[in-house]
Amino acid sequence: MKRQPTFWIAFAAAALLSSASPGARADKSAAPELPADPLGSPMWKDMATKFFDDAPVLIDPRVKVVVPTIIENQAQVPVTADARAIDGVVKLVVFADLNPIQHVLTLHPRQSAPYVSFRMKVEQGTPVRAAALGADGVWRVGSVFLDAAGGGCSAPAMARKDADWSQTVGLAQGRAWRQPDGLSRVRLRIRHPMDTGLAKDNTPAFFIERLEFRTGRGDGTAALDLYEPVSEDPTLTLMLRIPKSDGAVDVEGRDNNGTVYHSNIPAGVDQSAFGGGSAVR
């Protein structure tokens, strides 16, 4: 039998001492156990480390992720993340395990509902997840497998085919529908290429990275952090709390080049308002 090198024996002894020490046992017991992934993704542990740190994690069917069964356009995939069945949600994160850029968006509900509907790009079939962080510090996760051929993240923006595309960046239109529960369903569309930086034409990443929603009194009712996988010309639907005394919700956006955008969405009681916005250079 071939004798093992001395450094291998020393390494094994050190490992045994480390595993037997009280401190090592305490560290291991302090970390909450990660639940098994119902989708069996090879990236599940990496995603948990990236998004949840050492916080407790639960698989919770009350956090719903809705996607189409048939994907017609990999650059415009409709996704809805809904955690309204969970009380006290302070953050709602959407990510896709197998996308080259996994973080899609983060919603900070503040005074609004933990709900967002949007469109995203996918590079291949992937689990898409919504993770709701509660006031108790626990992440509750809902997941669905999105079956797609892919290529959406590396495709160039369609708008760049138009010579005047830069003249319309930041223009917005929106509408609000007041609901009986005091929330308003608000839909907003903003012209923007949302470049991922992964296209073969070497176009750098260029995307809206932040949207703030405020009532007429200046109160922050919700905020969105957006990332490159959000589709070109983002179309977003949220459930915002707009006081009855306010006739509109103000939106301020910022892209990763530092350009600031402003828009105003009327929220009249007649539910027939349609408003526009403009980019502030």
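Buried means under 20% relative accessible area, exposed means over 50%, and partly exposed lies in between. The exercises below apply to a predicted model.

**Exercise 1. Classify Asp255, Asp225, Arg254 and Pro38 as buried, partly exposed or exposed.**

Solution.
1. Asp255 has 0% relative accessibility, so Asp255 counts as buried.
2. Asp225 has a relative accessible area of 15% and is therefore buried.
3. Arg254 is partly exposed because its relative accessible area is 38%.
4. Pro38, with a relative accessible area of 56%, is exposed.
5. As background for the whole protein chain, 46% of its 281 residues count as buried.

**Exercise 2. Place Asp255 and Arg254 in the secondary structure, and list the residues that each touches, leaving out those up to four places away in sequence.**

Solution.
1. The protein chain has three helices and 16 strands.
2. Asp255 is in strand β14, and Arg254 lies in β14 too, a strand that covers residues 248–255.
3. With residues up to four places away in sequence left out, Asp255 touches His192, Phe206, Phe207, Ile208, Glu209 and Tyr261.
4. Under that exclusion, the partners of Arg254 are Ile208, Glu209, Arg210, Thr259, Val260 and Tyr261.
5. Ile208, Glu209 and Tyr261 appear in both lists.

**Exercise 3. Describe the surroundings of Asp225 and find the polar contact of its side chain.**

Solution.
1. Asp225 sits in strand β12, residues 220–226.
2. Not counting residues up to four places away in sequence, Asp225 touches Val104, Leu105, Thr106, His108, Glu209 and Arg210.
3. From its side chain, Asp225 makes a polar contact with the side chain of Arg210, at 2.5 Å.

**Exercise 4. Characterise the largest cavity: its volume, its lining and the character of that lining.**

Solution.
1. Searching the whole structure gives two cavities of 30 Å³ or more.
2. The volume of the largest cavity is about 60 Å³.
3. Its lining consists of Gly170, Ala172, Ile190, Leu211, Val251, Glu252, Gly253, Tyr261, His262 and Ser263.
4. Strands β14 and β15 (260–266) each contribute at least two residues to this lining.
5. By character, the lining of the largest cavity has five nonpolar residues, four polar and one charged.

**Exercise 5. Which residues of the largest nonpolar core touch the most other members, and what does Phe118 touch?**

Solution.
1. The largest nonpolar core holds 47 residues, and those touching the most other members are Leu105, Val116, Phe118, Met120, Leu211, Phe213 and Leu224.
2. Strand β4 (residues 89–96) gives the largest share of this core, four residues.
3. Another core lies apart from it and has 12 residues, including Val57, Ala131, Trp139 and Val141.
4. Residues up to four places away in sequence aside, Phe118 touches Val77, Pro78, Val79, Val94, Val104, Leu105, Thr235 and Leu236.

**Exercise 6. Compare sequence separation with C-alpha distance for the pairs Arg254–Gly170 and Pro38–Val144.**

Solution.
1. Arg254 and Gly170 are 84 residues apart along the chain, and their C-alpha atoms are separated by 9.5 Å.
2. Pro38 is in the loop between α2 (22–30) and α3 (44–52).
3. Pro38 and Val144 lie 106 residues apart in sequence, with 9.3 Å between their C-alpha atoms.
4. For the whole protein chain, residues 24 or more positions apart account for 64% of the contacts with a separation of 6 or more.

Conventions:
Residues are numbered from 1 along each chain as its sequence is written. This is a predicted model: local features need pLDDT of at least 70, side-chain atom pairs count only at pLDDT 80 or more; totals for chains, interfaces and linings use all residues. Side-chain values use heavy atoms; hydrogens and water are left out. A nonpolar core is a set of buried Ala, Val, Leu, Ile, Met, Phe, Trp, Tyr and Cys residues joined through side-chain atoms within 4.5 Å. Buried means under 20% relative accessible area, exposed over 50%, partly exposed in between (1.4 Å probe, protein chains only). Contact means heavy atoms within 4.5 Å. On a 1 Å grid over the protein atoms alone, a cavity is a set of points where a 1.4 Å probe fits but cannot get out, and a pocket is an open set with protein on both sides within 12 Å along at least five of seven lines; lining residues have an atom within 4 Å of a point. Grid points are joined across faces, edges and corners, and a volume is the space filled by probe spheres set on the points. Ala, Val, Leu, Ile, Met, Phe, Trp, Tyr, Cys and Pro count as nonpolar, Asp, Glu, Lys and Arg as charged, and the others, Gly among them, as polar. A polar contact is a pair of N or O atoms within 3.5 Å; within protein, one must be able to donate a hydrogen and the other to accept it, and residues adjacent in sequence count only if both atoms are side-chain atoms.
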